[in-house]
Amino acid sequence: MALKGLKLQLNPSGRKRLCGKLATSLKRTFRRKFNENGAAPKEGERGGWTSTGFWQKAGDSIETDTTPGGVSLRVPQKGVGLQYRGGTVKPTDSKNLAIPLVKSVYGQRPLGFPLNEFFVYTAKTGKKNTFLARAKSQPLELCYLLKPSVTINPHPEKFPTDEQIITDAEQVVRNHIAIEKLKK
């Protein structure tokens, strides 16, 4: 049942209750999708690396606000907007971004290791990429790729679709109408 053109005659307190229910539903819809994103990787995905908990943190950070005219949702977790819109990432406190290449350093910054753990290695062939390599490893272990910036493409599939949001909202409104009718 599409709710297009439906006009509810609600007093201010009824409108506030409905907006509160819509806010709860919207938050649940986003959290459910974010939890799907952060599920444990399937065999062969991400090399079986453990999650840093990014999407779990995103779901936990969701904030909603209700107004007499509707509901707003905000996800203040750093990096969520970048996943949604895409963009270029540049380092804030160094010359390069350090992108982990091996499981043993994933989720950790190079500065979290002892100073003599890595050395800078520049490939002499191909793209001449620069790496942080583990100092005491044989054979050479390239741990981080160093880049002055990276471009992230938008990932709309990581977010609920408009259709999912509308379907959930329609169900909330239908339930609200049914409850209001029972009260009369």
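**Close-up views of a predicted model**

**View 1. Helices α1 and α2 lie roughly antiparallel to each other.** This is a predicted model, like every view that follows. The two helices, α1 and α2 (residues 54-61), pack at an angle of about 170°, and angles over 145 degrees count as roughly antiparallel, so that is the label the pair receives. Their axes are 8 Å apart. On the α1 side, look for Arg31, Phe34, Asn35 and Asn37; from α2 come Trp55, Gln56, Ala58, Gly59 and Asp60. Sorted by character, the residues of this contact are three nonpolar, four polar and two charged.

**View 2. Ser25 sits in helix α1 and is buried.** The helix spans residues 12-37. Ser25 has a relative accessible area of 7%, and because buried means under 20%, Ser25 falls in that class. If you leave aside residues up to four places away in sequence, the partners that Ser25 touches are Asp168, Ala169 and Val172.

**View 3. Two cysteines, Cys19 and Cys143, are buried.** Cys19 has a relative accessible area of 7%, while the value for Cys143 is 0%. How many disulfides does the model hold? The count comes to zero, where a disulfide would need a pair of cysteine sulfur atoms within 2.5 Å. As a reminder, a disulfide is a covalent bond between the sulfur atoms of two cysteines.

**View 4. Strands β1 and β2 form a hairpin.** Here β1 covers residues 63-67 and β2 covers residues 70-74. The strands run antiparallel and are joined by five bridges, with two residues between them. To find your way along the ladder, start at Asp65, whose bridge partner in β2 is Ser72.

**View 5. Four strands make an open sheet with antiparallel pairing.** Reading across the sheet, the order is β4-β7-β6-β5. Which strands are at the edges? They are β4 (97-100) and β5 (118-122), each of which pairs on one side only. Neighbouring strands are turned by 35° against each other on average, with direction ignored. In general, strands of a sheet pair through backbone hydrogen bonds, either parallel or antiparallel.

**View 6. Edge strand β5 is joined to β6 by five bridges.** Strand β6 takes in residues 130-134 and runs antiparallel to β5. A handy landmark is Thr122, which stands opposite Thr130 in β6. When you follow the side chains, keep in mind that in a regular strand they alternate between the two faces of the sheet.

Notes
Residues numbered from 1 in each chain as written. Predicted model: local features only at pLDDT ≥ 70, side-chain atom pairs only at ≥ 80, totals over all residues. Heavy atoms only, no water. Buried < 20%, exposed > 50% of the residue type's maximum accessible area, 1.4 Å probe, protein only. Contact = heavy atoms within 4.5 Å. Pairing = 2+ DSSP bridges. Axes fitted to C-alpha atoms, helices over the stretch in contact; angles between N-to-C directions. Parallel < 35°, antiparallel > 145°, perpendicular 65-115°, else oblique. Nonpolar A, V, L, I, M, F, W, Y, C, P; charged D, E, K, R; others polar.
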